[in-house]
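Here is a friendly walk through one structure for someone meeting it for the first time. Have a look at it, and then we'll go through some of its helices, cores and loops together.

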Amino acid sequence: MFTSINPATGETVATYPELTDAEVEKKVAAAHAAFRQWRTTDLATRTALLSAIADRFEADKQRLAEIATREMGKTLKSAVAEVEKCVAGFRYYAEHGAKFLDPVEVPMAKGSGTARWLPTGVVLAIMPWNFPYWQVVRFLAPCILAGNVGLLKHASLTQGCAQAIEEMVTAAGAPEGVFANLAIPSSRVAPLIDDARIVAVTLTGSEGAGIKVAEAAGRALKKVVLELGGSDPFIVMPSADLDAAAKAAVTARIQNAGQSCICGKRMIVHTDVYDAFLDKFVAGMKAAKVADPMADDTVMGPLSSEDQRDTVLDQVATAQEKGARLLFGAEKIDRPGAWMTPGVLVDVPLDDPVAQEELFGPVAMVFRADDLDTAIRIANDVPFGLGSSVWTTDPAERERFARDIEAGMTAVNQMLASVPEAPFGGVKRSGHGRELGPWGLHEFMNLKAVLDAPDATAKDAGSAAGD
């Protein structure tokens with residue numbers, strides 16, 4: 001049984017039964033059977049389904065947002081924005097995705113050839129709680145367009161969101177088996193990865209979860225895409241608009257109570273503007289209103305759970321023991337639920353374990369850099385490489401950051417955010433593979449070469465040089 005607890009109150013919202021082995025088998029079998037039909041449907045049918053799902057999400061966005069806020073604590077305003085982003089994601093693939101599946105002509109010395117994108121089968125998605133709708137849509141929209149079918153194993157915290165997604169897809173007219181939610185714990189995932197009917201796995205989650213899934217997928221020789229943790233650098237250079245940079249930095253640490261993989265966590269500031277930036281940043285963090293996530297003027301709600309809140313507070317305490325200074329905040333709020341105040345750490349030793357970890361909460365670490373090279377060195381001196389945000393108006397600095405920061409994404413003079421059009425994913429211990437854009441569509445497709453012999457030599461098609 002899954003129990004949904006409102007992190008703003010500590011009260012139980014709902015309970016959801018765990019699927020039995022027989023129920024899981026029924027859904028896997030239905031997905032496998034559905035793929036045989038869905039793979040041959042025309043693109044017009046697939047894109048029409050995506051549009052219909054978008055319409056369902058849009059029409060029901062308030063209810064969907066309220067479910068997310070009650071289950072994991074994000075503000076209602078940000079939850080509504082997340083659902084609207086899902087609508088945009090479905091519509092992006094409905095409107096533009098077909099052209100990504102066009103066969104590509106392969107120039108050849110003799111004969112002719114094409115490379116064609118073909119579906120592969122049932123894709124298992126293992127998704128986290130922090131963006132409970134959008135992270136599912138990043139996999140689901142291209143999955144449906146590709147002619148694949150999907151199974152979702154969602155986080156225990158957000159079973160209500162998982163159930164709602166299944167309801168939206170079914171109500172939009174998806175054939176049985178094209179998408180299904182599997183209400184099971186993580187302990188029951190390994191047999192699914194090993195199941196021959198499932199051809200690929202995608203996971204968004206922690207580094208530890210990624211290692212386990214990658215090991216299981218490797219043993220089964222299955223394709224896997226991993227979007228794991230991040231400790232993203234947020235670099236501010238002397239030419240930057242400090243007001244805009246400080247405002248974006250506050251949003252990065254407050255948004256979703258700091259529980260975002262790609263929002264800047266380590267503020268790396270050039271010494272010439274360090275003090276000025278820090279003053280603006282701290283003032284903005286102190287001004288953030290932490291209150292009822294359902295209220296329109298709330299900037300930050302609770303964290304997703306008391307365990308998550310306590311993990312962040314323990315990391316802050318460890319950093320202080322190693323010599324870091326806590327300028328303010330990062331304190332438990334004495335009320336029922338998973339509440340804490342935002343906080344800012346400075347003077348964190350670069351070799352401190354906390355400086356190498358992901359702080360998944362509303363606490364920032366601020367580092368001083370004497371020059372461009374030092375800023376890049378600090379940015380890269382972590383095991384992660386998901387995203388980055390750089391603030392400069394110097395073209396040469398921009399190019400250095402684009403070339404030398406070890407990350408899958410770099411945003412210039414803006415806070416990094418995922419968008420349907422651009423590839424999303426990381427390097428190093430932040431995972432591998434890409435979501436979104438044509439890249440996310442192609443990850444779980446078979447790029448098949450179709451080679452035709454030249455007419456004049458068709459009789460010699462069985463060349464001894466073949467391999």
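Helices here are DSSP runs of H or I with at least four residues, strands are runs of E with at least two, and both are numbered from the N terminus. With that in hand, Leu 157 is easy to place: it sits in the loop between β6 (149-153) and α6. Bear in mind as you read that this is a predicted model.

**A loop residue to start with**

Leu 157 is partly exposed, because its relative accessibility is 26% and that class covers values between 20% and 50%. Setting aside residues up to four places away in sequence, Leu 157 touches Ser 4, Glu 71, Trp 129 and Ser 304. Asp 296 is 139 residues from Leu 157 in sequence, and the two C-alpha atoms are 24 Å apart in space.

**Three helix pairs**

Now for the helices. Two packed helices are described by the angle between their axes and the distance between the axes. Here are three pairs laid out that way.

| Helix pair | Angle between axes | Axis distance |
|---|---|---|
| α2 (residues 43-59) and α6 (residues 159-171) | roughly 130 degrees | within 8 Å |
| α3 (residues 61-72) and α6 | about 160 degrees | 8 Å |
| α4 and α5 (residues 134-146) | roughly 15 degrees | within 9 Å |

Let's take the pairs one by one. The axes of α2 and α6 cross at roughly 130 degrees, which makes α2 oblique to α6. Their crossing is right-handed. On the α2 side, the contact is made by Ile 53, Arg 56 and Phe 57, and on the α6 side by Ile 165, Met 168, Val 169 and Ala 171. Sorted by class, the contact of α2 with α6 has 6 nonpolar residues, 1 charged and no polar ones.

Helix α3 packs against α6 too, at an angle of about 160 degrees, and that makes α3 roughly antiparallel to α6. This time the crossing of α3 with α6 is left-handed. From α3 come Arg 63, Leu 64, Ile 67, Ala 68 and Glu 71, and from α6 come Gln 159, Gly 160, Cys 161, Ala 164, Glu 167 and Met 168. The classes in the contact of α3 with α6 are 6 nonpolar, 2 polar and 3 charged residues.

Glu 167, from helix α6, deserves a second look. Is Glu 167 buried, exposed or partly exposed? Glu 167 is partly exposed, with a relative accessible area of 36%. Ile 53 is 114 residues from Glu 167 in sequence, yet their C-alpha atoms are 10.0 Å apart in space.

The third pair is α4 and α5, whose axes cross at roughly 15 degrees, so α4 and α5 are roughly parallel to each other. The crossing of α4 past α5 is right-handed. Glu 82, Lys 85, Cys 86, Gly 89, Phe 90 and Tyr 93 of α4 meet Trp 134, Val 137, Leu 140, Ala 141, Pro 142 and Leu 145 of α5. By class, the contact of α4 with α5 divides into 9 nonpolar, 1 polar and 2 charged residues.

**Inside the fold**

Val 83 also belongs to helix α4 (residues 76-96), and Val 83 is buried, with a relative accessible area of 0%. Beyond its neighbours within four places in sequence, Val 83 is in contact with Phe 57, Lys 61, Leu 64, Ala 65 and Tyr 133. Val 344 is 261 residues from Val 83 in sequence and 30 Å away in space, C-alpha to C-alpha.

How many residues does the largest nonpolar core have? That core has 95 residues, and those with the most contacts inside it are Phe 57, Phe 90, Leu 124, Tyr 133, Phe 139, Leu 140 and Leu 151. Take Leu 124: leaving out neighbours within four places in sequence, its contacts include Leu 151, Lys 153, Leu 182, Val 189 and Thr 202. Apart from the largest core lies another one, of 65 residues, among them Val 290, Ala 355, Ala 369 and Met 415.

**Two residues with positive phi**

Most residues other than glycine have a negative phi. Leu 221 is not a glycine but has a positive phi of about 55 degrees. Leu 221 is in the loop between α8 (207-219) and β9 (223-227), and at 78% relative accessibility Leu 221 counts as exposed.

Asp 347 is not a glycine either, and has a positive phi of about 60 degrees. Asp 347 is found in the loop between β13 (343-346) and α12 (353-356). With 44% relative accessibility, Asp 347 counts as partly exposed.

Terms used: Residues are numbered from 1 along each chain as its sequence is written. This is a predicted model: local features need pLDDT of at least 70, side-chain atom pairs count only at pLDDT 80 or more; totals for chains, interfaces and linings use all residues. Side-chain values use heavy atoms; hydrogens and water are left out. Axes are lines fitted to C-alpha atoms, for helices over the stretch in contact, and angles run from 0 to 180 degrees between N-to-C directions. Angles under 35 degrees count as roughly parallel, over 145 as roughly antiparallel, 65 to 115 as roughly perpendicular and the rest as oblique. A crossing is left-handed if the near helix is turned anticlockwise from the far one by less than a right angle, and right-handed if clockwise. Contact means heavy atoms within 4.5 Å. Ala, Val, Leu, Ile, Met, Phe, Trp, Tyr, Cys and Pro count as nonpolar, Asp, Glu, Lys and Arg as charged, and the others, Gly among them, as polar. A nonpolar core is a set of buried Ala, Val, Leu, Ile, Met, Phe, Trp, Tyr and Cys residues joined through side-chain atoms within 4.5 Å. Buried means under 20% relative accessible area, exposed over 50%, partly exposed in between (1.4 Å probe, protein chains only).
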